[in-house]
Amino acid sequence: MTTKVKLSRIQEQLWLAERLGQHATAYMVPLILQITGPIDESALRAAFVDIVTRHEILRTRFFEQDGVLRGEVRPVADFVFETESYSLAELAERGGPAGMQAAETAVLIDVSQSIPIKVKLIRTGAGDQLLSLVLHHLVFDDWSRNQFYAELAERYRAHLAGGAASQPLALQYHEYVARQEERDAEFREESLAYWHEVLTDLDPFEIEPDHPRSARRRGRGASTGFEIEAGLATGIRRLGRAQGASPAMVLFAAAQLVLARFTGRDDVSFGTTLAAREEDEAQELIGPLINTVLLRGDLSGDPTFAELVDRMADTMLDAMEHSRIPFNELIAAHGVVADLSRNPLTQIIVQYASGVRRPPELDGCEVRELPPLTTGSKFDLVILFDEFEDGRVRAGIGFDRDLYAPETIQSLADSLRAVIEDVVAAPDTHISAVRMPSPTHRSHQLLEKRHREEPAQNREAEPSDAGTDLGAETPTETLTATLSEHQRELLEIWRDVLETDDVTTTSNFFLSGGQSLLALRMTNRAREQLDVELPLSLVFEAPVFKDFSDRLAEMLVGATTNEGGE
């Protein structure tokens, strides 16, 4: 027996982002555990079955039907616990543990066909194992990791002792988010007003790429990073306490300063994700309970670093207070035109993992989580500060390798480390006096270059009416009479989906009230009525009606030609 469930708003956002991206591994969460010691395979298998039984989200299939995203909770029997064994010689042929990790990191999950978790126990020698857990981001966030590990350790221990039953959840993930979304609606207007003020006159922020930006992001990632030793991390916490700020606020201010130096700008913005787990029922849930918010900072006036931390604290607290608006809704409300080469509103994400990560404690074994291998990138740049149990903080920097040379990102990493060291030692230093270990990434030349190019970029962003002889003022009867049959049918689909008759050949889908879910509904309708395979990406590549209909006409001609040749 299966159960149909509604996707949460963050799940809808992730599903659409994956469909429009070209690097599916960016939406996988691979966790590779190195286990030394005798593992009880049957107890481990039973522990996983318990977790998948308890959390319906881990056995939910996700799919699109009639232009609507849906979930289907599958039976526990759909979960498969895989095992493999290799001799030392066979392991060496596969590149050792590192090679096995690379292979498992590349595992993909098609959530429309299977449940969103794959588990494999790989025996690599006497008492040595790798446990590969691959989950889809639709069902997993950073908080979920510690909850998953804690349950795995508890259930493994229980099965070693005889198998006491686990306690059911008070609410399943889909039940909790449905209740929260209903409550959040009360604060929608207030939050939209706040974000409208934040986003007014926002000049999109990015570090100038080393390589030309392609028309569509490929999402190929790489990473570098450095460790903030326990002593320096203690200094960060001490500085935060002195300013009434969290360690995240201190490190975000440091990142803000480095980004300002690399671009020559004092209006610096980046995104961050905030957990939405205030209520007790949310603490034990596995699933994405997060939202992306934009942090826009003002570095003008040459403040001291301590003052910059104060500004960042105010910015973050305000963003937290208004963080219940889904990011996609914020994008639609701000009238951002969709662009497959960029993320809307922000190209840079800065995050702080405040919950110390602990691998599961499996009785009789030593367990270590292997550092992740970065293969995909959803953003131009992601800076992740990750806290460890011994007090250290790891600063990992993931980047889009189609845009940036490794040396550019290494220069940014070196600068970030130096800035953190300097400002912790002397927080009352004015930010103009904070040292940087290398030139500021050609900031002045790049700033001048960007200003020279802005007029051309702005022209390219405007809806194109080249080749059209019909303006927005064309009467509906005249417009309809001049269109081909498929254009008339398509026009009615656009008007129906957008719920407006004010659609002409020069209308831009996204500037006419469209957003990603409506684009999905529109392409689904067009696919059914015109009998042609129509990718969702087409509306992002050609958002203007005439361009879209021209592309569709080409596809219809191609389909007819193929049929004739069969």
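Two strands count as paired if DSSP finds at least two bridges between them. Helices (H or I, at least four residues) and strands (E, at least two) are DSSP runs, numbered from the N terminus.

The model is predicted: local features need pLDDT of at least 70, side-chain atom pairs count only at pLDDT 80 or more, and totals for chains, interfaces and linings use all residues. Residues are numbered from 1 along each chain as its sequence is written, and side-chain values use heavy atoms, with hydrogens and water left out.

**Exercise 1. The open sheet**

Task: give the strand order of the open sheet of 5 strands, then place its edges.

Solution.
- Step 1. Read the order: β5-β6-β7-β2-β12, with mixed pairing.
- Step 2. Find the edges. β5 (81-85) and β12 (366-369) each have a single partner strand, so one side of each lacks a neighbour in the sheet.
- Step 3. Add the twist. It averages 20° from one strand to the next. Axes are lines fitted to C-alpha atoms, for helices over the stretch in contact, and angles run from 0 to 180 degrees between N-to-C directions.
- Step 4. Check one pair. β5 and β6 (117-125) run parallel over 5 bridges. F81 has V119 of β6 as its bridge partner.
- Step 5. Add the helix. α5 (142-160) packs on the sheet and touches β2 (28-36), β6, β7 (128-136) and β12. Contact means heavy atoms within 4.5 Å. The direction of α5 makes about 135° with that of β7.

**Exercise 2. The strands around β4**

Task: state how β4 pairs with β1 and with β3.

Solution.
- Step 1. Take β1 (3-6). β1 and β4 (68-73) pair in the antiparallel sense over 4 bridges. V5 stands opposite G71 of β4.
- Step 2. Take β3 (60-65). β3 and β4 are antiparallel too, joined by 6 bridges. Here F63 faces R70 of β4.
- Step 3. Inspect the turn. β3 and β4 form a hairpin with 2 residues between them. D66 in that turn has a positive phi of about 55°.

**Exercise 3. Two cavities**

Task: describe the largest and the second largest cavity by volume and lining.

Solution.
- Step 1. Fix the rule. On a 1 Å grid over the protein atoms alone, a cavity is a set of points where a 1.4 Å probe fits but cannot get out, and a pocket is an open set with protein on both sides within 12 Å along at least five of seven lines; lining residues have an atom within 4 Å of a point. Grid points are joined across faces, edges and corners, and a volume is the space filled by probe spheres set on the points.
- Step 2. Count. There are 3 cavities of 30 Å³ or more.
- Step 3. Take the largest cavity. Its volume is about 270 Å³. Its lining has 20 residues; R9, D184, A276, I290 and R324 lie nearest the centre. α6 gives the largest share, 6 residues. By class the lining has 11 nonpolar, 5 polar and 4 charged residues. Ala, Val, Leu, Ile, Met, Phe, Trp, Tyr, Cys and Pro count as nonpolar, Asp, Glu, Lys and Arg as charged, and the others, Gly among them, as polar.
- Step 4. Take the second largest cavity. Its volume is about 70 Å³. Lining residues include V5, Q11, F62, V73 and H174. The classes are 6 nonpolar, 3 polar and 2 charged.

**Exercise 4. The second largest pocket**

Task: identify which elements line the second largest pocket.

Solution.
- Step 1. Size it: about 290 Å³.
- Step 2. List the residues closest to its centre. Of 13 lining residues, these are R9, E12, N328, Q515 and L517.
- Step 3. Assign elements. α1, α12 (327-334) and α17 (516-530) each supply at least two lining residues. The largest share, 4 residues, comes from α1.

**Exercise 5. From L295 to a helix pair**

Task: classify L295 as buried or exposed, then describe how α7 meets α11.

Solution.
- Step 1. Locate L295: strand β10. At 2% relative accessibility it counts as buried. Buried means under 20% relative accessible area, exposed over 50%, partly exposed in between (1.4 Å probe, protein chains only).
- Step 2. List contacts. Beyond four places in sequence, L295 touches residues including S269, T315 and A319. S269 lies in β9 and is buried, also at 2%.
- Step 3. Turn to the helices. The axes of α7 (188-199) and α11 (305-321) come within 10 Å and cross at roughly 145°. E190, Y194 and W195 of α7 meet T315, D318, A319 and E321 of α11.
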